[in-house]
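Q: Please take a close look at how the helices of this structure pack against one another. A connected account for a first-year student would be welcome.

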Amino acid sequence: MTAPHPAAPAPTTAGRLHGKVALVTGAGAGIGQGCALLFAEQGATVVGCDLDPAAAERTRELAADRGLRIDVTAPLDMTVPADARRFADEAFARHGRIDALVTAGAIAPRMATAEEMDFESQWGPTMRGETDVVFLPVQAAWPHLKASGGGSIVNFASVNAFRGSSTFGMVAHCAGKAAVLGLTRQLAVEGGPSGIRANTISPGMVRTPATESAGAHEGAARDAVLARIPLGRVGRPEDIAWCAVYLISDESAWVTGGNFPVDGGVLAK
Ligand SMILES: NC(=O)c1ccc[n+]([C@@H]2O[C@H](COP(=O)([O-])OP(=O)(O)OC[C@H]3O[C@@H](n4cnc5c(N)ncnc54)[C@H](O)[C@@H]3O)[C@@H](O)[C@H]2O)c1
C-alpha cells in the first residue's frame, strides 16, 4: 500500500543540538539508531551503546556514510549496573559533560496473554527488560547530568501504556511501559531542582528490527495495525527521533514530566 502521507522531512536546518553531549542506549538499531543519527545531524556529540557489536558497527558506518561520527560502545548491557556505569562514566570522562540521555536500548518483550504467560521465563524477564534498561542508565548518568548543570532524559513508553491490544498478547509489555511512565514522572520531580528534565515519548507502531521480528508488518497483523492508524502508515525511527530532538534541545527548557504520543493518531481513535 502506498502511504497516503509523507514521511517526516529530511533535515534541512542543522544545529538545533549544537554543543550538546547526548547519550543514546540501543544506538545500534531501530529508534535508538534513528535518534543517534538525527542528533549527530543536528550538531550533537553522540555517544551510543548497544548490546550487539555488529549493530553498533552498522550505526558507526551509517554515520560515516553521512559524514558524521558517532561513537557506539558494544557490547554493553543496560540491565547490568556495572555496564550502565561504565557507559555514563566513560562518556563524562571523555567529553566533560552530559546534556542528554535517551534510553532506547530494549530487550524484545515476551508476547503472551495473561492466561498463557509463564511467570519465570516470560513475565520476569519482560518486566526487568522494560524497566531496568531505563532505571540503570538513568541512575548512572544522574550525577554527571547534575554536574553538567542539568540535562534532559528521554525514556520510551508506548501507546500500549494506555491501551491494550487484541492482536498481540502483551500483558507484561503493557505493565512495563506503564511503569516507565510512572518512573519518568518521578524522575521529573526529583530532577527539577537540579535542572534535570525527564519526559517520555510513547511511540505507536514503528518499523524496527523489534517489530519486524514480532511479525507486525505481515499479513493479518499488518492489516490490523494499519486499520488503527489514522495517518495510514506505520512510523519510521526518524518520526520518533524528531520529537526526541525537541525534548533534548533547549526549545523544551520548560517541559518536564510530560508524555508525548508519536503514533500517527492511534491514541486519538
Ligand atoms: N518499534 C516500535 O513500534 C515501538 C513502539 C513503542 C515503543 N517502542 C519502544 O522504543 C524503544 C526502542 O524500540 P525499537 O523498536 O527501536 O527496538 P529494537 O529492538 O529495534 O532496537 C533496540 C536496540 O537495543 C539494543 N539492546 C537490547 N537490549 C539491550 C541492552 N540490555 N543494553 C543495551 N542495548 C540493548 C538492541 O541490540 C537493539 O540494537 C523500546 O523501549 C521500545 O519498547 C518501540
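A: The account below takes the helix pairs in turn, and then turns to some single residues and to the ligand. The model is predicted.

The description begins with helix α4, which spans residues 119-147, and helix α5, which spans residues 171-191. The axes of these two helices lie 9 Å apart and make an angle of about 20°. Angles under 35 degrees count as roughly parallel, and α4 is therefore roughly parallel to α5. The crossing of α4 past α5 is right-handed. On the side of α4, the contact is formed by Gln122, Trp123, Thr126, Met127, Glu130, Thr131, Val134, Phe135 and Val138. On the side of α5, the partners are Ala172, His173, Ala175, Gly176, Lys177, Ala179, Val180, Leu183 and Leu187. Sorted by class, the residues of this contact comprise 11 nonpolar, five polar and two charged.

Helix α4 also packs against α3, with an angle of about 30° and axes 8 Å apart. Here too the crossing, of α3 past α4, is right-handed. From α3, the residues Pro81, Ala84, Arg85, Phe87, Ala88 and Phe92 take part, and from α4 the residues Leu136, Pro137, Ala140, Ala141 and His144. The contact of α3 with α4 divides into nine nonpolar residues, one polar and one charged.

Arg85 deserves separate attention. This residue belongs to helix α3, residues 81-95, and it is one of the residues that α3 contributes to the contact with α4. Is Arg85 buried, exposed or partly exposed? A residue is buried if 20 or more other C-beta atoms lie within 10 Å of its own, and exposed if 12 or fewer do. Arg85 has 15 other C-beta atoms within 10 Å, and so it is partly exposed. Its C-alpha atom lies 7.1 Å from that of Pro137, although the two residues are 52 residues apart in sequence. Pro137 is itself among the residues of α4 in the contact with α3.

The loop between β3 (71-73) and α3 holds Pro75. The peptide bond that leads from Ala74 to Pro75 is cis, with omega near 0°. In general, most peptide bonds are trans.

A third pair consists of α1 and helix α2, the latter covering residues 53-65. Their axes come within 11 Å and cross at roughly 30°, and the two helices are therefore roughly parallel to each other. The crossing of α1 past α2 is right-handed. Gln33, Ala36, Leu37 and Ala40 of α1 meet Thr59, Leu62 and Ala63 of α2. This contact holds five nonpolar and two polar residues, and no charged ones.

Helix α1 (30-41) leads on to the ligand, for α1 and α6 (209-213) each supply at least two residues of the shell around it. Which of the 31 residues around the ligand come nearest? They are Gly26, Ala29, Gly30, Gly105 and Ala210. By class, the shell around the ligand has 18 nonpolar, 10 polar and three charged residues.

Finally, Arg233 is placed in the loop between α7 (219-227) and α8 (237-248). With 18 C-beta neighbours inside 10 Å, Arg233 counts as partly exposed. The C-alpha atoms of Arg233 and Arg207 are separated by 10.0 Å, and the two residues stand 26 residues apart along the chain.

Note on methods: Residues numbered from 1 in each chain as written. Predicted model: local features only at pLDDT ≥ 70, side-chain atom pairs only at ≥ 80, totals over all residues. Near = placed C-beta within 6 Å. Helix = DSSP H or I, 4+ residues; strand = E, 2+ residues; numbered from the N terminus. Nonpolar A, V, L, I, M, F, W, Y, C, P; charged D, E, K, R; others polar. Axes fitted to C-alpha atoms, helices over the stretch in contact; angles between N-to-C directions. Parallel < 35°, antiparallel > 145°, perpendicular 65-115°, else oblique. Left-handed = near helix turned anticlockwise from the far one by under 90°. Contact = placed C-beta atoms within 7 Å.
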